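This briefing goes through one structure, topic by topic. Please look over the sequence and the 3D view before reading on.

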Amino acid sequence: MDETIERIKMVMEYYSIDKTMFCDKVGIHTVTLEHIFKGQQKQLLFVLKRIIKSCTIINPDWLVLGKGKMLRT
């Protein structure tokens with residue numbers, strides 16, 4: 001879980017955007033992201049799906065499983 005959160009933060013860093021801009025980009029509420037960052041897993045799958053859908057350059061295997069490189073080849 002903590003590693004997944006760190007990967008989400010790395011995606012935000014890659015795009016050089018703050019939490020609010022990131023939430024706007026992926027289509028989630030900032031409260032949802034804050035809950036995930038605090039360790040509440042309820043909507044983690046939903047958020048991961050949104051990131052994969054809206055950040056198409058990000059490798060889904062890396063984001064979800066930590067396998068491979070961050071960017072798709």
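Is Glu6 buried, exposed or partly exposed? With a relative accessible area of 44%, Glu6 is partly exposed. The model is a predicted one. The points below cover two helices, the salt bridges and the cysteines.

**Helix H1**

- Helix H1 runs over residues 2-15, which makes 14 residues. From its first C-alpha to its last, H1 reaches 20 Å, close to the 20 Å expected at 1.5 Å a residue.
- Thr4, Ile5, Arg7, Ile8, Val11 and Met12 are the buried residues of H1. They lie on the same side of H1, because the arc they cover around the axis is only 160°.
- Asp2, Glu3 and Glu13 are exposed, and they sit on the face of H1 turned away from its buried side.
- The cover over the buried residues of H1 includes four helices: H2 (19-26), H3 (30-37), H4 (44-54) and H5 (60-65).
- Ser16 follows H1 and has a positive phi, near 55°.

**Helix H4**

- In H4, the buried residues are Leu44, Val47, Leu48 and Ile51. Viewed down the axis of H4, these residues fall within an arc of 100°, so they line one face of the helix.
- The face of H4 turned away from that buried side carries Leu45, Lys49 and Lys53, which are exposed.
- Helices H1, H2, H3 and H5 are among the parts that cover the buried residues of H4.

**Salt bridges**

- Side chains of opposite charge can pair when their charged atoms come close.
- Across the whole structure, a search finds 2 salt bridges.
- One salt bridge joins the side chains of Lys9 and Glu6, at 3.9 Å from N to O. Both residues belong to helix H1, where Lys9 and Glu6 are 3 residues apart, about one turn of the helix.
- Lys9 counts as partly exposed, at 31% relative accessibility, and Glu6 is partly exposed at 44%.
- Glu34 forms a salt bridge with Lys19, and their closest N and O atoms are 2.9 Å apart. Because Glu34 lies in helix H3 and Lys19 in helix H2, this pair ties together parts that are 15 residues apart in sequence.
- Glu34 counts as partly exposed, with a relative accessibility of 27%. Lys19 is partly exposed as well, its relative accessible area being 35%.

**Cysteines**

- A disulfide is a covalent bond between the sulfur atoms of two cysteines.
- How many disulfides does the count give? The count comes to 0 disulfides, the rule being a pair of cysteine sulfur atoms within 2.5 Å.
- Cys23 is in no disulfide, and the nearest cysteine sulfur, which belongs to Cys55, is 11 Å away.
- Why does the sulfur of Cys55 not bond to the one in Cys23? The sulfur in Cys23 is the closest cysteine sulfur to that of Cys55, but at 11 Å it is too far for a bond.
- Cys23 counts as buried because its relative accessibility is 1%, where buried means under 20%. Cys55 also counts as buried, with a relative accessibility of 0%.

Methods: Residues are numbered from 1 along each chain as its sequence is written. This is a predicted model: local features need pLDDT of at least 70, side-chain atom pairs count only at pLDDT 80 or more; totals for chains, interfaces and linings use all residues. Side-chain values use heavy atoms; hydrogens and water are left out. Helices (H or I, at least four residues) and strands (E, at least two) are DSSP runs, numbered from the N terminus. The expected span of a helix is 1.5 Å times one less than its number of residues. Buried means under 20% relative accessible area, exposed over 50%, partly exposed in between (1.4 Å probe, protein chains only). The arc is that of the directions from the helix axis to the C-beta atoms. Contact means heavy atoms within 4.5 Å. A salt bridge is a side-chain nitrogen of Lys or Arg within 4 Å of a carboxyl oxygen of Asp or Glu.
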